[in-house]
Amino acid sequence: LQSCLAACCCMEMKERDSVGEWMLSTNKTKAPSLLQKFCFCQSGPSERKPSGIETVPHLRGLAGVTVQAGTRGALQTLKWAKWDAAKRQVDLKVFGGFTDCGGSGGSELGLWSEAVEAQCCFLPQLFGRCGNSTYRFTFSEDYRRADIAIMGNALVFCCICIPCLPVMCSVPKCCFAFEMVQTDNSTDGTSWHRNTSTCGSDFQLSYHLKEVYTHEGEVGKYHDELKEQPQQVMVTY
């Protein structure tokens with residue numbers, strides 16, 4: 001039943017223990033799903049290019065696979081995201097979305113997993129992929145902290161689905177504000193506090209972000225945290 005649910009939503013189930021291979025080691029996406037073909041104009045597999053964030057000593061842990069410790073099924077990488085070194089800024093389309101027409105689109109598919117649950121199929125598809133949901137991380141000069149802006153195409157919330165529309169707005173900080181702060185014992189981006197502020201309140205810890213695989217696919221410092229995650233997770237394709 002879970003496999004059918006994932007397939008109907010153009011998502012696929014992946015094994016947790018092989019995440020270092022399917023999230024990091026493959027520099028080309030698989031053949032696009034029907035959703036990618038007909039709604040996002042992706043004609044074939046896409047080439048993935050390293051973002052370059054792995055060359056920043058203070059951040060290279062984020063180019064590996066990180067786990068949201070304390071949540072279910074949330075694994076992600078910034079290895080294939082869009083990194084602007086001059087602005088100290090990285091953009092990640094969380095569940096993929098429209099890039100361009102042709103085989104070069106869709107390179108950010110499969111970089112963020114969710115638990116195998118019904119609501120995790122619906123939300124990534126409607127509000128994530130179709131709305132070009134994007135996380136923008138803007139780092140401080142010492143790379144110890146980052147502001148996180150959640151951006152997207154707001155029309156999807158009005159049930160107007162035009163996937164080719166670009167990102168046009170972000171969640172107002174007066175409503176929700178997000179940050180990540182590197183823990184005291186981390187100097188290489190392998191351990192972070194992910195904090196949230198609601199309606200102008202003080203930041204509160206939401207979860208810990210920890211590296212479980214390095215950007216080279218080797219076992220990371222906090223690999224044991226992976227055992228707390230479900231055996232199977234879902235990603236877009």
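Author: A polar contact is a pair of N or O atoms within 3.5 Å, where one atom must be able to donate a hydrogen and the other to accept it. The model discussed here is predicted. In this model, the side chain of Gln 231 makes a polar contact with the side chain of Glu 15, at 3.5 Å.

Reader: With which other side chain does the side chain of Gln 231 make a polar contact?

Author: The side chain of Asp 17 is such a partner, at 3.1 Å from the side chain of Gln 231. When neighbours within four places in sequence are left aside, Gln 231 is in contact with Lys 14, Glu 15, Arg 16 and Asp 17.

Reader: Where does Gln 231 lie in the chain, and is Gln 231 buried, partly exposed or exposed?

Author: Gln 231 is placed in the loop between β12 and β13 (232-236). Its relative accessible area is 39%, so Gln 231 counts as partly exposed.

Reader: How should one read the pairing of strands in a sheet?

Author: Strands of a sheet pair through backbone hydrogen bonds, and the pairing is either parallel or antiparallel. In this structure, three strands form an open sheet in the order β1-β13-β6, with antiparallel pairing. At the edges stand β1 (11-15) and β6, each with a single partner strand, so one side of each has no neighbour in the sheet. Five bridges join β1 and β13 in the antiparallel sense; Glu 12, for example, has Val 235 in β13 as its bridge partner.

Reader: Which way do the side chains of a strand point?

Author: In a regular strand the side chains alternate between the two faces of the sheet. Strand β2 (residues 65-69) offers a case: Val 65, Val 67 and Ala 69 point one way, Thr 66 and Gln 68 point the other way, and all are buried.

Reader: With which strands does β2 pair?

Author: With strand β12 (residues 204-213), β2 pairs in the antiparallel sense over five bridges, and Thr 66 has Glu 211 of β12 as its bridge partner. With strand β3 (residues 75-76), β2 pairs in the antiparallel sense over two bridges; here the bridge partner of Val 67 is Leu 75. The hairpin of β2 and β3 has five residues between the strands, and Gly 70 takes a positive phi near 100° there.

Reader: How is a pair of aromatic rings described?

Author: A pair of aromatic rings is described by the distance of the centres and the angle of the planes. The structure holds five aromatic pairs. In one of them, the ring centres of Trp 112 and Tyr 135 are 5.3 Å apart and the planes stand at 80°, so this pair is edge-to-face. The pair links distant parts of the chain, as Trp 112 lies in the loop between β5 (89-93) and β6 (114-115) and Tyr 135 in strand β7 (residues 134-139), 23 residues apart. Trp 112 has a relative accessible area of 8%, so this residue is buried. Ring pairs also link Trp 83, Phe 139 and Trp 192 into a cluster.

Reader: How is empty space found, and which residues lie nearest the centre of the largest pocket?

Author: Rolling a probe the size of a water molecule over the atoms shows where empty space is left. The largest pocket contains about 850 Å³ of space. Its lining comprises 39 residues, and Val 94, Phe 95, Ser 133, Tyr 135 and Ile 150 lie nearest the centre. Among the elements that each supply at least two lining residues are β2, β7 and β12, while the largest share, six residues, comes from α4.

Technical notes. Residues are numbered from 1 along each chain as its sequence is written. This is a predicted model: local features need pLDDT of at least 70, side-chain atom pairs count only at pLDDT 80 or more; totals for chains, interfaces and linings use all residues. Side-chain values use heavy atoms; hydrogens and water are left out. Rings of Phe, Tyr and Trp (its six-membered ring) pair if their centres lie within 6.5 Å; planes under 30 degrees apart count as stacked, over 60 as edge-to-face and the rest as tilted. Helices (H or I, at least four residues) and strands (E, at least two) are DSSP runs, numbered from the N terminus. Buried means under 20% relative accessible area, exposed over 50%, partly exposed in between (1.4 Å probe, protein chains only). Two strands pair if DSSP finds at least two bridges between them. Contact means heavy atoms within 4.5 Å. On a 1 Å grid over the protein atoms alone, a cavity is a set of points where a 1.4 Å probe fits but cannot get out, and a pocket is an open set with protein on both sides within 12 Å along at least five of seven lines; lining residues have an atom within 4 Å of a point. Grid points are joined across faces, edges and corners, and a volume is the space filled by probe spheres set on the points.
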